[in-house]
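Dear colleague,

Please find below the structure that I am handing over to you. My findings follow it, and I would be grateful if you would read them with the coordinates open.

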Amino acid sequence: LPAAVIGRMERAMDLSAAESAHVFGLSATTRKRYRSTPKRRLDSVASDRIVRVASAVAEAVTVFGDEAKAIAWFKTPSPALGEERPVDLVSSDPGAKLVRDELLRIRYGHWA
């Protein structure tokens, strides 16, 4: 993916620089370098994480029917996720699975 996608994701999800670096698995220096050269290509690990996050956000938008509500949910601690924020979990495969499972429970009304 082009590095410019980092800035677009940060704006769409209202992520701070520190949140962005954490969510996308980048050091602060690497994030800054990618942001300063938007035509540069991301490595495969960063690309995979961004696709994983974007996919989860798209699922949340479908569930909540509104992008702002989906982003607010991502940034709010969830009792079903051990009081973790979905945005803090979604960057890893196991965390993304937990987030997707929670979205399925919300979508189909299974709160337990």
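Helices here are DSSP runs of H or I with at least four residues, numbered from the N terminus. On that basis Lys69 belongs to helix α5. Please note that the model is a predicted one.

Confidence

The mean pLDDT of the protein chain is 92, and 98% of the residues reach at least 70. Within the chain, confidence is highest in α5, with a mean of 96, and lowest in α3, with a mean of 89.

Helix α5 and the end of α4

With a relative accessibility of 52%, Lys69 of α5 counts as exposed, because the cut-off for that class is over 50%. Its C-alpha atom lies 26 Å from that of Ala46, a residue 23 positions away in sequence.

Val61 is located in helix α4. This residue is partly exposed, at a relative accessible area of 27%. Beyond its neighbours within four places in sequence, Val61 contacts Asp66, Glu67 and Ala70. The C-alpha atom of Val61 is also 9.9 Å from that of Trp73, twelve residues apart along the chain.

The pairing of α4 and α7

How do the axes of helix α4 and helix α7 cross? The two helices, spanning residues 44-64 and residues 93-108 respectively, have axes that come within 10 Å and cross at roughly 10°. Angles under 35 degrees count as roughly parallel, and α4 and α7 are therefore roughly parallel to each other. On the α4 side, the contact is formed by Arg52, Ser55, Ala56, Glu59, Ala60, Thr62, Val63 and Phe64. On the α7 side, Asp93, Ala96, Arg100, Leu103, Ile106 and Arg107 take part. Sorted by class, the contact between α4 and α7 comprises seven nonpolar, five charged and two polar residues.

The loop before α7

Ser91 sits in the loop between α6 and α7. Is Ser91 buried or exposed? Its relative accessible area is 10%, and Ser91 is therefore buried, the limit being under 20%. Setting aside residues up to four places away in sequence, Ser91 touches His22, Val23, Arg49 and Arg52. Of these, Arg52 also appears in the contact of α4 with α7.

Helix α1 and its buried glutamate

Helix α1 covers residues 4-13, and its buried residues are Val5, Ile6, Gly7, Met9, Glu10 and Met13. The elements that cover these buried residues include α2 (17-23), α3 (28-36), α4, α5 (67-74) and α6 (86-89). Just after α1, Asp14 adopts a positive phi of about 55°.

Which side chains form polar contacts with that of Glu10? One is Ser20, at 2.6 Å, and another is Arg31, at 2.7 Å. Glu10 lies in helix α1 and is buried, with a relative accessible area of 5%. Apart from neighbours within four places in sequence, Glu10 is in contact with Leu15, Ser20, Arg31 and Arg35. The charged side chain of Glu10 thus combines burial at 5% with polar contacts to Ser20 and Arg31.

With kind regards

Terms used:
Residues are numbered from 1 along each chain as its sequence is written. This is a predicted model: local features need pLDDT of at least 70, side-chain atom pairs count only at pLDDT 80 or more; totals for chains, interfaces and linings use all residues. Side-chain values use heavy atoms; hydrogens and water are left out. Axes are lines fitted to C-alpha atoms, for helices over the stretch in contact, and angles run from 0 to 180 degrees between N-to-C directions. Angles under 35 degrees count as roughly parallel, over 145 as roughly antiparallel, 65 to 115 as roughly perpendicular and the rest as oblique. Contact means heavy atoms within 4.5 Å. Buried means under 20% relative accessible area, exposed over 50%, partly exposed in between (1.4 Å probe, protein chains only). A polar contact is a pair of N or O atoms within 3.5 Å; within protein, one must be able to donate a hydrogen and the other to accept it, and residues adjacent in sequence count only if both atoms are side-chain atoms. pLDDT is the predictor's confidence in each residue, from 0 to 100.
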